[in-house]
Amino acid sequence: MAAFAMAIMPAAAQETYENAKISWSDLNGTARYVGMGGAMEALGGDISTIGTNPAGIGLFRKSYVSLSVGAVSQADAENFGGGKTTNISFDQLGFVYAGRNSSSSFINFGFNYHKSRNFNYILSAADGLYNASQNKQTYLKAKDDWLYENPSNPDFNSPYIQCNQLDAVYAENLLYDPTAQYTWGYYEANGYTMDRRHWGYVADYDFNLSGNVNNRVYLGLTVGIHDVHYNHMSEYIESFDQGTPIMVKDERKIKGAGADIKAGVIFRPIEYSPFRIGLSVTTPTWYDLTTSNNTYLSDGAATYTGDEYDFRLYTPWKFGLSMGTTVGDFLALGASYEYTDYGSLDTRYKTDDHYSYWTDSYTTQSESDEEMNRHTSETLKGVSTLKLGAEFKAAPEVAVRFGYNYVSPMYKKDGYKDGTLPCEGSYYSSATDWTNWEATHRITCGVGIQIDNVNLSAAYQYSAQNGWFSPFNSYSSWREPYDELYDPADDYDVHAVKLSNKRHQVLLTATINL
């Protein structure tokens with residue numbers, strides 16, 4: 001077997017479906033915030049609002065320290081690839097310093113770490129996964145002269161014009177004709193499995209300055225730093241009546257950091273009413289990321305290819321509207337709405353360094369990957385998030401909480417991963433599969449107990465989401481039916497498999513009022 005190597009190109013950008021994973025956020029934070037479904041943007045007074053409506057920190061009248069830990073369990077999977085379906089998680093640590101400016105006004109400073117994205121997820125697709133031979137599809141592409149820049153004299157180190165990295169590995173090492181017996185005796189595959197383990201996280205570090213003006217208007221500004229650690233490992237296997245099964249093992253990492261700015265306001269429109277309205281806006285997160293991958297192909301022997309490159313990713317703007325009120329000292333009610341247009345996700349490749357005479361330093365320039373961004377706009381769409389929450393004081397020291405989240409789908413139903421795009425995000429793609437996830441439903445509850453200056457809280461979250469998994473895109477021959485070389489068997493239809501992602505989270509938080 002010949003070893004495969006692809007030339008490293010100077011400009012590179014990532015792919016739509018991988019970028020969408022980085023841009024998405026979970027419902028996570030303190031147990032009080034999660035127990036109320038996150039619907040605290042207008043109520044404020046909880047450190048987790050530092051990342052949604054920063055004005056919520058302006059409602060603190062005392063300094064405060066908070067620590068949260070928990071466990072997340074996937075309900076519909078089995079352990080795979082060293083990954084476990086249940087994982088302990090350190091979710092939040094922060095403090096607020098409340099500085100009294102007058103009898104009714106405060107200027108507060110806050111800092112909070114929280115895990116905004118937990119990537120732990122195990123995907124298994126076998127039942128219903130049929131007609132999914134990657135080798136057959138690559139063979140058909142080669143038959144139609146779609147793989148190489150010069151089909152009559154293919155160069156495996158030259159750019160591939162109509163395929164991704166995995167196609168290139170198959171093209172060099174296999175290309176078994178699925179309709180005929182070759183030297184190794186392979187026939188068309190009769191069984192397929194796909195298993196993937198995702199793990200890692202996005203950690204948010206938020207720095208906040210907020211104010212309270214006469215207990216009527218609350219203002220806040222947060223600067224956020226985001227630390228990305230994403231990993232996945234997958235195994236795709238084609239089985240045959242005769243011969244050794246083909247296994248493709250793919251490993252990918254994405255690491256890097258980004259920054260954003262959040263601004264918010266909360267105000268009471270009626271002076272003597274506890275009813276509040278909140279408005280918030282979050283800038284794009286400007287990510288600078290590095291991705292790397294290794295791909296192993298085995299059918300009794302093995303090949304390997306690896307690559308690494310830098311790219312930038314700018315997430316969409318986010319807008320929020322919220323309302324909240326209290327009834328006496330025993331009931332708090334909150335509702336929030338957020339909107340983000342993921343179709344405007346901006347994938348960018350780095351160009352060159354620009355020298356500044358003013359600072360005597362170089363800055364790296366970047367440009368939008370127009371081809372990938374067009375694909376993103378055709379694949380992703382605007383997402384609405386609705387949060388509802390309530391807190392009831394069963395006793396002066398005991399609070400009971402309930403919440404609900406609805407998140408509309410990010411993916412269009414006809415969205416797909418396009419490995420033929422003329423850009424590096426496709427050339428370097430080492431995975432051909434994708435999942436179009438549907439709406440997310442989250443149900444939460446919790447309890448809090450106040451003991452002097454210490455509050456102990458617990459929360460439970462159940463999250464459910466369905467989706468459709470495709471191992472790779474269906475292939476249609478470019479030849480017209482009247483072409484004498486056209487063969488209807490060259491049109492290869494691949495069927496999607498229904499998946500679910502059901503997760504349970506238990507969260508514990510300890511807070512101290514200083």
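The exchange below concerns a predicted model and the reasons behind some of the terms applied to it.

Me: Why is Asn215 called buried?

Reply: The relative accessible area of Asn215 is 17%. Buried means under 20%, and Asn215 is therefore classed as buried.

Me: Where does Asn215 lie, and what makes its phi notable?

Reply: Asn215 belongs to the loop between β5 (191-213) and β6 (217-239). Its phi is near 55°, a positive value, and the residue is one other than glycine.

Me: Is Asp452 buried or exposed, and how do you know that?

Reply: Asp452 has a relative accessible area of 71%. The term exposed requires a value over 50%, so Asp452 is exposed.

Me: Which strands flank the loop that holds Asp452, and what is the phi of this residue?

Reply: The loop with Asp452 runs between β17 (434-451) and β18 (454-470). Asp452 is not a glycine, yet its phi is positive, at about 55°.

Me: What share of the protein counts as buried?

Reply: The protein has 514 residues, and 53% of them count as buried. The cut-off for that term is a relative accessible area under 20%.

Me: How much area does the protein expose, and what do carbon and sulfur atoms supply?

Reply: About 22,100 Å² is exposed by the protein, with 57% of it supplied by carbon and sulfur atoms.

Me: How many helices and strands are there, and what share of the contacts joins residues 24 or more positions apart?

Reply: The protein contains 6 helices and 19 strands. Among contacts with a separation of 6 or more, 74% are between residues 24 or more positions apart.

Technical notes: Residues numbered from 1 in each chain as written. Predicted model: local features only at pLDDT ≥ 70, side-chain atom pairs only at ≥ 80, totals over all residues. Heavy atoms only, no water. Helix = DSSP H or I, 4+ residues; strand = E, 2+ residues; numbered from the N terminus. Buried < 20%, exposed > 50% of the residue type's maximum accessible area, 1.4 Å probe, protein only. Contact = heavy atoms within 4.5 Å. Areas by Shrake-Rupley, 256 points an atom, 1.4 Å probe, with all protein chains shown as cover.
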